[in-house]
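User: Could you take a close look at the site around the ligand for me? I would like one connected account, with the cut-offs spelled out.

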Amino acid sequence: MVEISLHVLDIVQNSIKAGASLVEIIIDENVADNLLTITVSDNGCGMDSEFLSDVTNPFRTTRTTRKVGLGISMFKSAAELTGGSFEIWSELGKGTGLRAAFVYDSIDRQPLGDMASTMSTVIHANPDIDYVYTHSYNHNTFEFDTREIRTVLGSEISLSQPEVLKWIENYIKNEIENICGGAI
Amino acid sequence: MKSLAELEQIRKQTLAKVNLRKEDDDSIRVVVGMATCGIAAGARPVMKAIMDEIEKRNISNCYVTQTGCIGLCRLEPIVEVYLPGSEKITYVKMDADKAAKIVNETIVNGKVVNEYTIGAAKEN
Ligand SMILES: Nc1ncnc2c1ncn2[C@@H]1O[C@H](COP(=O)(O)OP(=O)(O)OP(=O)(O)O)[C@@H](O)[C@H]1O
Ligand SMILES: [Mg+2]
């Protein structure tokens with residue numbers, strides 16, 4: 001993947017497939033600690049411990065269209081390549097979470113990339129799922145919650161309407177620029 | 001969250017259009033592959049180009065959705081178009097420019113762009 005935001009898009013697709021109704025995404029850019037940490041958690045179907053223990057192996061997949069599942073193993077490798085770390089936890093029937101920490105100044109770290117576009121794409125994928133997106137840059141933080149958007153839109157308008165998706169994307173993009181103070 | 005007032009404006013504007021966008025037999029369906037293989041090959045900018053073009057041209061009879069891996073990973077990004085009353089058109093190896101072109105040719109004018117179809121890709 002050329003951007004970390006594309007890994008996030010892919011990882012959230014797993015949560016969607018797992019039947020989650022709420023997905024939480026936390027991006028923490030901490031320059032002082034030299035870490036970029038990405039956490040994604042969901043309340044989907046989860047995995048049993050036997051499956052989980054081997055899930056970063058590409059040959060572990062419940063996919064039927066091909067024999068390998070690449071998403072998690074690629075995300076893990078990308079983080080570890082920078083000297084960072086990766087962890088995943090899950091409970092059957094409860095949900096799944098994973099965290100990838102990238103060494104911020106590693107030359108092997110991909111750019112974070114366009115998180116606003118990733119968010120509008122996952123909302124579009126299933127507009128009935130709620131997303132909480134928290135992005136910190138050093139000590140500045142902003143939070144986006146689709147439940148607040150729904151309150152404004154009411155029941156007639158789906159989050160998947162092109163105008164709404166575009167507004168969400170621009171909104172998140174502006175907020176990220178604000179917290180980063182033009183640093184990206 | 002601030003600027004929710006702006007969203008309220010969008011709500012009012014969109015409400016008028018929503019009724020026109022009711023899914024029915026005449027609507028065109030567009031499906032973009034969004035599994036790992038598609039995403040790695042560039043499906044996100046393809047999706048964005050399609051959505052932008054639909055918004056820009058104010059197209060109201062078209063639905064865009066996402067799907068997982070359809071098992072043709074080396075031909076991703078893949079976009080399938082279902083025109084009412086005709087067979088599915090499968091476009092392969094898409095990029096943002098090609099995607100904008102199929103919105104204009106296929107979705108607006110109902111014409112197949114042969115060079116981007118899976119049939120053309122398999123001949124090579
Ligand atoms: N959030 C999740 N909740 C429940 N199960 C999950 C979750 N994420 C992954 N899994 C399980 O782990 C398997 C491996 O996931 P991974 O993303 O690596 O590959 P994949 O989704 O099968 O295929 P690909 O990502 O290449 O399209 C999945 O097939 C699924 O069974
Ligand atoms: Mg996956």
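Analyst: Happy to help; here is a walk through the ligand site, followed by some features elsewhere in the chains.

A word on conventions: this is a predicted model, in which local features need pLDDT of at least 70 and side-chain atom pairs count only at pLDDT 80 or more, while totals for chains, interfaces and linings use all residues. Residues are numbered from 1 along each chain as its sequence is written, chains are lettered from A and ligands numbered from 1 in the order in which they are written, and side-chain values use heavy atoms, with hydrogens and water left out.

Let us start with the shell. Ligand 1 is surrounded by 22 residues, and the closest are A:T61, A:T62, A:R63, A:L70 and B:T36; a residue counts as near if one of its heavy atoms lies within 4 Å. Because residues of both chain A and chain B surround ligand 1, the site is shared between chains. By type, the shell divides into seven nonpolar, nine polar and six charged residues. Here Ala, Val, Leu, Ile, Met, Phe, Trp, Tyr, Cys and Pro count as nonpolar, Asp, Glu, Lys and Arg as charged, and the others, Gly among them, as polar.

Now the polar contacts, meaning pairs of N or O atoms within 3.5 Å. On the chain B side, an N or O atom in the side chain of B:T36 is 2.5 Å from an oxygen atom of ligand 1. From chain A, the side chain of A:N14 places an N or O atom 2.8 Å from a ligand oxygen, and A:G71 contributes through its backbone, with an N or O atom 3.2 Å from an oxygen atom of ligand 1. The protein covers 94% of the 600 Å² of accessible area that ligand 1 has on its own, by the Shrake-Rupley method with a 1.4 Å probe.

Which elements build the shell? Helix 1 (4-17) and helix 3 (71-81) of chain A are the elements that give two or more residues to it, and helix 1 gives the most, with four residues. Helices are DSSP runs of H or I with at least four residues, and strands are runs of E with at least two, numbered from the N terminus.

Helix 3 of chain A also takes part in an aromatic pair. The structure holds five such pairs over all chains, with ring centres within 6.5 Å. The rings of A:F75 and A:F86 have centres 6.2 Å apart and planes at 80°, so this pair is edge-to-face (planes over 60 degrees apart). It links distant parts of the chain, with A:F75 in helix 3 and A:F86 in strand 3 (residues 85-91), 11 residues apart.

Finally, two backbone details. A cis peptide bond joins B:E76 and B:P77, with omega about -10°, and B:P77 lies in the loop between strand 2 (62-67) and strand 3 (79-82) of chain B. A:N34, a residue other than glycine, has a positive phi near 60°.

Conventions:
A polar contact is a pair of N or O atoms within 3.5 Å; within protein, one must be able to donate a hydrogen and the other to accept it, and residues adjacent in sequence count only if both atoms are side-chain atoms. Rings of Phe, Tyr and Trp (its six-membered ring) pair if their centres lie within 6.5 Å; planes under 30 degrees apart count as stacked, over 60 as edge-to-face and the rest as tilted.
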